[in-house]
Amino acid sequence: MKVSVEWLREFVDIDIGITELACKLTDQGVSVEGVEKVGKDYILDLEITPNRPDLLSVFGIAREIKAMLQKDIKKNPFKITEEVQSNGSDIIVEIEDYSDCPRYTGCSVENIEVRTSPDWLRQRLEVMGVRSLNNIVDVTNYVLLEMGQPLHAFDAECIKGRRINVRRAKDDESIITLDGLTRKLDRDLLVIADSKKPIALAGIMGDEESEIKNNTKHIFIESAYFNPTLIRRGARRLNLSTESSFRFERKADIHALIPALLRARELIIKFCGGIMKGGVTDIYKKQEVETEKVTFSIKWLNDFLGSNFSREEIIEPLTLLDLNVKGDTSLEVEVPSFRRDLDIKEDIAEEVIRMVGFDSIPMRSTIVFEKVGSLPHSSLKIGKIKEYLVSRGYDEVVNVSFISSDELKPFKMGIKPIAIQNPITSNLTHMRSTLIVGLLKTVKRNMNIGSRDMRFFELGNVFIQNQTSGKVEEPLKIAGVITGKVKNQDWRGENRTFDYYDLKGDIEGLFSFVNINDNRFEKIKGELSLLEEGSDIYIEKEKVGFVGSISAEISDYFDISKKVLLFEIELAPLLNRISFDYNFKDLPRYPAVLRDLCLLVPGNVTHQQIEDIIRKSGKGLVEKIQLFDTYYNNKITRGLRSLTYSLTFRSDSGTLNDEKVNATVDEILKELDEGLGINLRGEK
Amino acid sequence: MKFEKEIEDIKNEILSELNLSSSKKEIEDIRIKYLGRKGIITQRLKDIKNLDPKVRPRHGKVLNILKSTIEEELERKGQEVPKESREEERFFDYTMPGDRRWLGHLHPLTTTMDEIVDVFVRMGFTVKYGPDVETEFYNFEALNMPKDHPSRDIQDTFYLENNLLLRTQTSPVQIRVMESRKPPVRIISPGRCYRVDNFDSSHSPVFHQIEGLYVDKNVTLSNLIGTLNTFAKAIFGESTRTKLTPHYFPFTEPSAEVHVSCPFCKEKGCTTCKHTGWIEIMGCGMVHPEVFRKVGYDPDKYTGFAFGMGIERVCMPRYGIHDMRLFFENDQRFIHQF
Ligand SMILES: [Zn+2]
């Protein structure tokens with residue numbers, strides 16, 4: 001909310017500089033976001049929190065400054081009194097439901113002359129961000145800014161039947177609002193209607209027909225209190241937030257209606273000519289509780305704040321805020337109608353603090369707890385995983401959780417991402433169901449700035465709708481991407497481009513780092529068309545992720561011309577298996593025996609198959625299987641390849657002799673031959 | 001005289017090897033091979049003690065002659081060889097770049113989050129997590145933000161289908177924890193939050209928060225101020241001062257914003273603190289009794305404090321980062337600075 005300091009000075013003496021004023025207001029909870037000099041005036045831009053509708057007016061802010069600077073109010077526009085009667089105006093008012101509109105007041109002025117307002121009035125409106133239209137509308141806006149009560153002026157000639165009915169709209173009704181739009185109405189919207197049809201959206205905006213025109217002669221001014229929830233719903237549904245609706249939503253002051261109305265009538269007669277026609281109409285269903293009271297004990301307040309305030313130290317600031325305080329050790333605070341945000345004793349405690357400052361409360365951090373604080377195990381495990389990846393050269397990235405569903409299409413993952421109903425842009429419309437999209441965009445962005453060698457990882461949740469339960473699940477995933485050279489180009493000349501085995505090695509290393517041994521890499525199943533060369537990753541029997549180089553289609557979609565490899569792994573199966581309760585195994589007591597086997601392997605047999613057979617037929621004596629050479633060449637029959645393994649044999653129960661090792665090797669070779677058609681190179 | 005013949009052969013072999021050698025390195029290799037600790041001649045000399053005593057003196061004499069002959073030859077050859085053979089010409093440049101492996105960097109949001117968590121864990125708070133996708137109840141109603149209340153305007157919310165939404169703060173975790181157990185409760189909840197905002201230098205629709213909650217008998221505002229003061233000193237340095245200004249949050253009463261003295265200018269004013277000398281880092285307050293009622297705690301029996309801060313907003317002044325977008329762009333040149 002913008003407010004003119006000159007205008008404020010009409011109500012209160014401000015004898016401090018603008019900067020000091022801004023600081024003091026901020027320290028009192030009325031945050032000053034900016035100060036602008038306009039001519040010899042200053043405009044303060046204030047952040048008014050939703051609990052303080054009383055500050056949505058110049059007078060309201062002046063009242064706050066008065067309390068802050070301990071001054072007196074010079075002039076109070078609310079101090080106007082006039083005898084009012086129920087239907088004193090020439091326009092008859094009826095209210096359909098008092099819970100929609102607890103109070104409606106109004107009066108008529110005739111023979112007015114519509115013209116432009118005097119310069120000073122127009123300037124006042126404009127510095128506070130309100131456009132000047134004509135003297136009548138300007139006056140209603142002036143009173144709104146000054147006193148915070150929204151008013152509406154109707155062309156009285158256009159009120160058919162000289163009757164106003166505050167009622168819900170009917171389903172077939174519509175209205176053309178002042179902004180020129182035709183709006184369909186229904187039972188959920190409150191309207192001001194004449195005897196024929198709606199002439200205003202109550203508390204939000206009037207209609208075109210009854211607006212003040214240049215030839216308007218006779219007006220009816222409305223000053224009402226509408227149900228805040230109803231106005232808020234209506235304004236949001238119609239996407240039409242106005243100065244009026246903003247104030248009604250936040251609860252106007254029901255006692256401000258008549259003073260605001262009379263002030264407006266006074267100013268209209270002054271600036272627009274015209275004479276009063278009839279008296280003031282006031283339809284008011286009084287609420288049961290008219291005055292709000294909050295009680296608390298001084299002991300409670302000091303216990304709650306950890307302070308040591310005396311009775312006087314509490315009463316003085318409250319009195320400055322126009323709160324009436326009675327009582328001795330137990331205090332009773334009477335809350336004025338413009339401060340209905342003060343509801344419970346904690347609210348009063350805040351008022352005291354606002355006035356005396358937080359620094360009058362002693363600082364006590366010494367709280368000794370029975371239990372030490374702790375991190376969940378998952379955090380520690382995640383920390384370990386990140387530590388590993390960073391040590392392997394991966395940079396951590398953080399992407400937003402939004403993607404577009406379009407970006408998922410090239411992956412053909414078969415997962416429908418969850419849509420956001422109100423996205424901010426057309427490329428951030430869905431919740432991510434994979435971390436890969438973000439990582440590929442990260443790669444592209446870095447390629448654009450000239451990076452060539454990259455390793456990135458991201459650890460975070462993705463969002464998936466469970467197909468059976470329909471519930472949204474947020475599994476944690478870890479994903480990584482690599483591209484470019486294994487090392488920086490250096491003088492030793494050792495270098496090559498990343499390939500599948502580099503990334504697979506990093507993943508195997510990760511499993512090994514966190515002591516997970518039952519991991520396997522298997523042929524990609526299903527319709528994942530993501531990878532060119534890759535594999536699925538399993539822990540025990542559970543598929544946990546995949547690794548490989550991205551397909552040409554995906555490279556093309558993300559406009560990445562270099563070879564890119566990536567992986568994505570579900571974190572839960574890892575976290576479930578990682579344990580910090582290490583189970584130490586005794587160091588081996590007997591020596592190991594090494595044997596190299598150079599095997600001729602049919603083309604479609606995998607290393608994994610060979611390893612499985614060696615383990616199975618090795619009778620628990622094979623400690624380690626290491627593949628150290630592999631080639632195809634002319635010396636080998638077409639369709640075969642040569643794999644050379646170094647096997648380490650060891651027994652827990654004694655030193656292995658040659659005889660025993662030879663027998664085991666023979667058994668292994670036999671099984672390899674029978675099971676997979678593998679022979680030793682040089683035989684056959 | 002078989003032995004003398006054998007020694008003669010050894011001598012000739014050594015001499016011919018020496019003859020072929022052309023560098024200090026090769027000569028040294030020959031010396032080690034024959035006269036080193038495990039050299040052939042050294043070994044033979046050691047073995048003498050195992051021989052028949054009758055032949056010992058003769059063998060000893062012959063071997064010692066061989067040893068001194070070879071030593072002389074080595075010495076002579078050593079002087080003959082040009083000082084700078086090809087091998088020794090090679091200049092050992094100890095300043096050439098070492099073979100560096102890549103090392104990754106953690107994202108500054110991770111390190112900042114970890115540091116903040118660490119401070120509170122040491123103070124006795126326990127870490128709790130909750131989902132990003134929440135219901136109206138946990139994100140608003142239980143936090144004293146009823147439907148159709150203007151207090152909801154402060155946090156513009158992303159909605160999903162079925163009345164689900166993306167949490168606008170991590171406070172729903174506090175509700176979930178309080179629902180699940182009796183006081184005392186002393187937790188912090190780090191996590192990702194969402195608000196309808198466009199990306200600019202100080203806003204992002206996705207951001208990170210840490211919130212804290214302490215509920216027990218006799219928890220006071222004074223405890224809150226003290227705790228946050230301790231925290232600010234731990235993160236921004238021992239000389240940091242803390243200032244609270246009144247504010248409004250629906251779930252706390254009284255409520256305040258917390259400012260710390262600018263770590264860059266020591267309150268003199270600079271661009272980081274927009275020339276105010278202070279930086280706003282979080283919101284806090286005493287838990288609103290309505291929130292306690294929602295989770296079944298008796299507000300007459302228990303009091304509590306809560307606070308919440310944006311990780312980005314703590315990280316930015318700390319490292320002098322002026323644009324929030326940098327956190328989510330993941331430019332290598334950015335990440336490598338942390
Ligand atoms: Zn500064």
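So, B:Pro172. Leaving aside neighbours within four places in sequence, this proline is in contact with B:Glu134, B:Tyr138, B:Asn139, B:Leu143 and B:Arg167. Before I go on, keep in mind that this is a predicted model. B:Pro172 sits in helix 8 of chain B, which covers residues 171-180. Is B:Pro172 buried or exposed? Its relative accessibility is 0%, so it counts as buried. And if you look at B:Phe137, which is 35 residues away along the chain, its C-alpha atom is 8.6 Å from that of B:Pro172.

Staying with prolines for a minute. Go past helix 8 and you get to the loop between that helix and strand 4 (185-194) of chain B, and B:Pro184 lies in that loop. The peptide bond joining B:Pro183 and B:Pro184 is cis, with omega at about 0°. There's another cis bond between B:Glu253 and B:Pro254, omega about -5°. B:Pro254 isn't in a loop, though; its place is in strand 7, residues 252-261, of chain B. For background, most peptide bonds are trans, and most residues other than glycine have a negative phi.

That second half matters for a couple of other residues. B:Lys266 is not a glycine, and its phi is positive, near 50°. You'll find B:Lys266 in the loop between strand 7 and strand 8 of chain B. Then there's B:Asn330, again not a glycine and again with a positive phi, near 55°. B:Asn330 belongs to the loop between helix 12 and helix 13 (332-335) of chain B. With a relative accessible area of 0%, B:Asn330 is buried.

Okay, the metal. What holds the zinc ion? Four cysteine sulfurs: the SG atoms of B:Cys262, B:Cys265, B:Cys270 and B:Cys273 coordinate it, at 2.2 to 2.3 Å. If you want to pick them out by eye in the sequence, the spacing of the donors is C-x2-C-x4-C-x2-C. And why call the arrangement tetrahedral? Because the angles that the four donor atoms subtend around the zinc ion run from 105 to 115°. The ideal for four tetrahedral donors is 109.5 degrees. Two of those ligands I can place for burial: B:Cys262 has 1% relative accessibility, so it counts as buried, and B:Cys265 is buried too, at 9%.

Next, helix 11 of chain B, residues 311-319. The buried residues here are B:Ile311, B:Glu312, B:Val314, B:Cys315, B:Met316 and B:Pro317. What do they pack against? Quite a list, all in chain B: helix 6 (108-123), strand 5 (206-216), helix 9 (221-236), strand 8 (278-287), strand 9 (303-310) and helix 12 (326-329). Right after helix 11 comes B:Gly320, with a positive phi near 75°.

Let's switch to chain A. There's an open sheet of three strands here, in the order 1-3-2, with antiparallel pairing. The edges are strand 1 (2-4) and strand 2 (31-38) of chain A, and each of those pairs on one side only. On average, neighbouring strands in this sheet are turned by 25° against each other, ignoring direction. Strand 1 and strand 3 (residues 41-47) of chain A are joined in the antiparallel sense over three bridges, and if you're looking for a landmark, A:Lys2 stands opposite A:Asp45 in strand 3. Packing on that sheet is helix 2 of chain A, residues 18-27, which touches strand 2 and strand 3 and makes about 160° with the direction of strand 2.

Further along chain A is strand 5. A:Val93 and A:Ile95 make up its covered face, while A:Ile92 and A:Glu94 are on the uncovered one. That fits the general picture, where side chains in a regular strand alternate between the two faces of the sheet. Strand 5 runs parallel to strand 8 (residues 163-168) of chain A, and four bridges join them. In strand 8, A:Asn165 is the bridge partner of A:Glu94.

Last stop: A:Asp100, in the loop between strand 5 (92-95) and strand 6 (103-112) of chain A. At 5% relative accessibility, A:Asp100 counts as buried. So which side chain does this aspartate make a polar contact with? A:Arg168, at 2.7 Å, side chain to side chain. Not counting residues up to four places away in sequence, A:Asp100 also touches A:Leu190, A:Phe226, A:Asn227 and A:Leu230.

Note on methods
Residues are numbered from 1 along each chain as its sequence is written. Chains are lettered from A and ligands numbered from 1 in the order in which they are written. This is a predicted model: local features need pLDDT of at least 70, side-chain atom pairs count only at pLDDT 80 or more; totals for chains, interfaces and linings use all residues. Side-chain values use heavy atoms; hydrogens and water are left out. Two strands pair if DSSP finds at least two bridges between them. Helices (H or I, at least four residues) and strands (E, at least two) are DSSP runs, numbered from the N terminus. Axes are lines fitted to C-alpha atoms, for helices over the stretch in contact, and angles run from 0 to 180 degrees between N-to-C directions. Contact means heavy atoms within 4.5 Å. Buried means under 20% relative accessible area, exposed over 50%, partly exposed in between (1.4 Å probe, protein chains only). A polar contact is a pair of N or O atoms within 3.5 Å; within protein, one must be able to donate a hydrogen and the other to accept it, and residues adjacent in sequence count only if both atoms are side-chain atoms. Donors are N, O and S atoms within 2.8 Å of the metal (3.2 Å for Na, K and Ca); water is not among the atoms, so sites may look incomplete. Four donors count as tetrahedral if all angles lie between 85 and 135 degrees; four count as square planar and six as octahedral if opposite donors are over 155 degrees apart and all others between 65 and 115; anything else is irregular.
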